[in-house]
Amino acid sequence: MLSLNKIFDRFAKKKPRIRGRGLDDNVSEALIIPRSEHTISRKQISAAALHVLYGLKEAGYESYLVGGCVRDLLLGHEPKDFDITTNATPEQVHKVFRRSQLIGRRFKLVHVRHGREIIEVATFRAPPQAEIDVDGAGRIMRDNVYGTMEQDAWRRDFTINALYYNIRDFSIIDYTGGIGDLKSGVIKLIGDVETRYREDPVRMLRAVRFVGKLGLKLDPETEKLIPQCAKLLSDIPAARLFEESLKLYLSGNAAVTHELLCHYHVFEHLFPQTDKVLHTEQDDYPRTLLMKALENTDKRIDEGKTVTPAFLFAAILWEPTRQLWQQNKERNIPPIPALQRAVTDVILTQVTRVAIPKRFTVMTRDIWTLQPRLEMRRGKRAFRLLTHPKFRAAYDFLLLRAESGEPLTELAEWWTVFQFADESEQQTMVNQLTSPTKTKAKRKPRRRRKKPVEKSE
Ligand code: ATP
Ligand code: MG
């Protein structure tokens, strides 16, 4: 990473060069950093983004890179994607690019295809107007009024996310103090902190995510209000919280982000069942299992490997599931139905908060319900389990449990050897599981048991 001071020293003290209008019509001044005084080069911008920027410019419109990509480029990181903003209306943008599509109902955006990439283009937007666009709790209900670039800057979340890269002269435009904040490594909400959190409580999750991702610190006021405003997250639709949870936990910084979420009392609003039991640790399992899983996830992402959200949610929700399983067994429910009930209860409760789609909960359920089956290895069972499509994930989960202190080390080692052994070795391993004298215990006659009623998620 480049030294921030080196990047910014030359221009940070410069006087603003143009004037614009800010939030509540306060006059604000924009700082313009010419190409010679910043490090963003066109080589770092994707071909698709350049195609869109130039296409709009040639059609006579303004066009800028904005948001996370400008921030990341200035910090020396590779941007995840390139967002573009313009004074052209979505319909005008659509006319400029043959391979484009209008999307969104409330606020229209345009997706422009170039090669394999899709670039999102948004028209400058104005901040919401208090009486018309905001509900009783201060939440933005309408956000669909086009505006000027200055207005567009002030309605963004953090100052470091409100920087514009101008394709006309390659300068950077800063209305809100983002350059100074990047220089001092501060994530600062634009405007009045409480109002902005009320307008959209997801901004708290974004604040925490950016700390985890960028290693910058929160501005004191932006930080101070998170614990007290965190309960506002209960008004956010569960589907949106699912999307945000993936960003929080699958961006390669899950371990540190998770600690921050707990520290700021945000985690309890996303995963309340886990939060409750994390405070009643037993033999140290809960924290270590989750942290180990998150560290593994980060490592896999760093190595370019895939991670499945199902495994992540299996780890996050394992402790409440394990405890409920235990309680069910104590109520004399046999182990497997006891686990199935626990799984169903935990998932049903969780999806009301964070709407994990069924395609993931089905796999999470498999990972968990295969756990007791991994203990049943006699006869043909181990061989059959090996062919189960979710065997690998269940085995990885078993390893995680063993590493986190559950008394499963021997079992985990057995499976580690078994899966890679040849068939005759496997058979020997299974044979060795039966008692050496091979005295057949007299089987009790089977009693038919009522199947537990399974609810579906
Ligand atoms: P990254 O893509 O690296 O996660 P980002 O800042 O680009 O980070 P996006 O979700 O892609 O995040 O959003 C693009 C830009 O849109 C942001 O940089 C910010 O300017 C604006 N933005 C996103 N979400 C909000 C929000 N909830 N409130 C106000 N502005 C937002
Ligand atoms: Mg982005």
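Where is the place of Asn-332? Asn-332 sits in the loop between H17 and helix H18 (335-351). The model described here is predicted.

## Asn-332 and its loop

Asn-332 comes just after H17. Its phi is positive, at about 65°, although Asn-332 is not a glycine. Asn-332 is exposed, because only 7 other C-beta atoms lie within 10 Å and the cut-off for exposed is 12 or fewer.

## Helix H17

H17 covers residues 318-330, 13 residues in all. From first C-alpha to last, H17 reaches 18 Å. That is close to the 18 Å expected at 1.5 Å a residue.

Buried positions in H17 include Trp-318, Glu-319, Pro-320 and Thr-321. Arg-322, Leu-324, Trp-325 and Asn-328 are buried as well. In an α-helix there are 3.6 residues a turn, so residues three or four places apart point the same way.

## Phe-170

Phe-170 also has a positive phi, about 65°, and is not a glycine. Its place is the loop between strand E8 (163-166) and strand E9 (172-174). Phe-170 is partly exposed: 15 other C-beta atoms lie within 10 Å.

## Around ligand 1

Which classes make up the shell around ligand 1? Charged residues number 7, polar residues 3 and nonpolar residues 2.

The residues around ligand 1 include the charged-class names Lys-80, Asp-81, Asp-83, Arg-156, Asp-157, Asp-200 and Arg-203. Gly-67, Gly-68 and Asn-161 are the polar ones. Ala-162 and Val-202 are nonpolar.

Notes:
Residues numbered from 1 in each chain as written. Chains lettered and ligands numbered in written order. Predicted model: local features only at pLDDT ≥ 70, side-chain atom pairs only at ≥ 80, totals over all residues. Near = placed C-beta within 6 Å. Helix = DSSP H or I, 4+ residues; strand = E, 2+ residues; numbered from the N terminus. Expected span 1.5 Å × (residues − 1). Buried ≥ 20, exposed ≤ 12 C-beta atoms within 10 Å, placed from the backbone.
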